[in-house]
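Please open the model in your viewer and keep the selection tool at hand, because each stop on this tour begins with something to select.

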Amino acid sequence: MNPDSLKREAAARAVDLVEPGMRLGLGTGSTAKHFVALLGERVRAGLDVIGVPTSEATRADAEAAGIRMSTLEETPALDLTVDGADEIAPDLSAIKGGGGALLREKIVAAASARMVVIADESKWVETLGRFPLPVEVVPFGVAPTTIAVEAAAVAAGCAGRAVLRRTREGHAFVTDGGHLILDLALGRIPDPAALAERLAAVPGVVEHGLFIGLVRTAILAGSAGIRIETARAVRG
Ligand SMILES: O=C(CO)[C@H](O)[C@H](O)COP(=O)(O)O
């Protein structure tokens, strides 16, 4: 099965978790896009749910699929968020932000009683860090912020270059919130919690793509079928 079919399999399993009346956080990326499409099919068949999107792209997809949309202002507490991930470790810590939506994704996940990550099995890793960690920063002072982000990584026991994300056309990639993304290539993150703390303390950093203690369940689709991993204890 090709990776896209596996993503759809994982998304289909997550749709089975949706119950009538749920307030849903809708993730961003190619796997979450499958979830939105499949959820739309259920909605058109009569399922009543409300969705809060994690990006403008997802908002457009969800609206096109016929899903009733809301905002966190109108609906500040969500029942379930379903989103993709760039990497997931055995403790269900994750790297997100490959699609540049990490800030809204984290806010929506934190407003949800449960976050479920859907992915093909290639995203499962023993240790986070092979995927460059996205760090969302304000445009002002991006040069010193980049230096400080690299120094934060060194202080947290890892090292690597932070590179400004660019579009295919060579322009700086700008997030839905008007920020920039630094992709921090570390190879291996020995202590994600320490790195998260160091990055959060850098002036100019808006958010980073380390999701720690947020993911409750990971649905992983592989050639041998679906595997479900559940966090033992999250958020106390
Ligand atoms: O974090 C994300 C977007 O900001 C995505 O969930 C992540 O990049 C995974 O994407 P895909 O499902 O396309 O592999």
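The tour goes from the domains to their interface, then to a sheet, some strands and a few single residues.

**Before you start**

This is a predicted model, in which local features need pLDDT of at least 70 and side-chain atom pairs count only at pLDDT 80 or more, while totals for chains, interfaces and linings use all residues. Residues are numbered from 1 along each chain as its sequence is written, and side-chain values use heavy atoms, with hydrogens and water left out.

**Stop 1: the two domains**

Colour residues 3-125 together with 212-222 as domain 1, and residues 133-208 as domain 2, following the domain assignment of the protein chain; such bounds come from an automatic or database domain assignment. Taken over C-alpha atoms, the centres of domain 1 and domain 2 are 24 Å apart. If you look at where they meet, 13 residues of domain 1 are in contact with 17 residues of domain 2, where contact means heavy atoms within 4.5 Å. About 1100 Å² is buried between domain 1 and domain 2, and carbon and sulfur atoms give 65% of this area; buried area here is the accessible area (1.4 Å probe) that two parts lose on being put together, summed over both.

Which three residues supply 42% of the area that domain 1 buries against domain 2? Select Leu102, Leu103 and Lys106, which supply that share, more than any other three residues.

The rule finds two salt bridges across the interface of domain 1 and domain 2, a salt bridge being a side-chain nitrogen of Lys or Arg within 4 Å of a carboxyl oxygen of Asp or Glu. Now show the side chains of Lys106 and Glu207, which form a salt bridge with their closest N and O atoms 3.0 Å apart.

**Stop 2: a sheet of four strands**

Next, select the strands S9, S10, S8 and S11, which in this order make an open sheet with antiparallel pairing. Helices (H or I, at least four residues) and strands (E, at least two) are DSSP runs, numbered from the N terminus, and two strands pair if DSSP finds at least two bridges between them. Strands of a sheet pair through backbone hydrogen bonds, either parallel or antiparallel.

Strand S9 (161-164) and strand S11 (205-208) stand at the edges and have a single partner strand each, so one side of each is left without a neighbour in the sheet. On average, and with direction ignored, neighbouring strands of this sheet are turned by 30 degrees against each other; the axes are lines fitted to C-alpha atoms, for helices over the stretch in contact, and angles run from 0 to 180 degrees between N-to-C directions.

Zoom in on strand S8 (residues 133-137), which pairs with S11 in the antiparallel sense over three bridges. Within this pairing, Glu136 has Glu207 in S11 as its bridge partner.

Add helix H4 (residues 102-110), which packs on the sheet and touches S8, strand S10 (180-185) and S11, its direction making about 65 degrees with that of S11. Then add helix H6 (residues 192-200), which lies across S8, S10 and S11 and runs at about 160 degrees to S11.

**Stop 3: a residue inside helix H4**

Select Glu105 in helix H4. Is Glu105 buried or exposed? Glu105 counts as buried, at 3% relative accessibility, since buried means under 20% relative accessible area, exposed over 50%, and partly exposed in between (1.4 Å probe, protein chains only). Leaving aside neighbours within four places in sequence, Glu105 is in contact with Thr28, Thr54, Asp83, Lys96, Gly97 and Phe211.

**Stop 4: strand S4 and its partners**

Show the side chains of strand S4 (residues 80-83), where Leu80 and Val82 point one way, Thr81 and Asp83 point the other way, and all are buried. Strand S1 (residues 23-26) pairs with S4 in the parallel sense over three bridges, and Leu26 stands opposite Val82. Three bridges also join S4 to strand S7 (residues 115-120), again running parallel, with Val82 opposite Val116 in S7.

**Stop 5: residues in loops**

Move to Leu47, in the loop between helix H2 (30-44) and strand S2 (50-53), which is buried with a relative accessible area of 18%. The C-alpha atoms of Leu47 and Pro20 are separated by 6.0 Å, although these residues are 27 residues apart along the chain.

Finish at Ile212, in the loop between strand S12 (210-211) and strand S13 (217-222), which is partly exposed with a relative accessible area of 38%.
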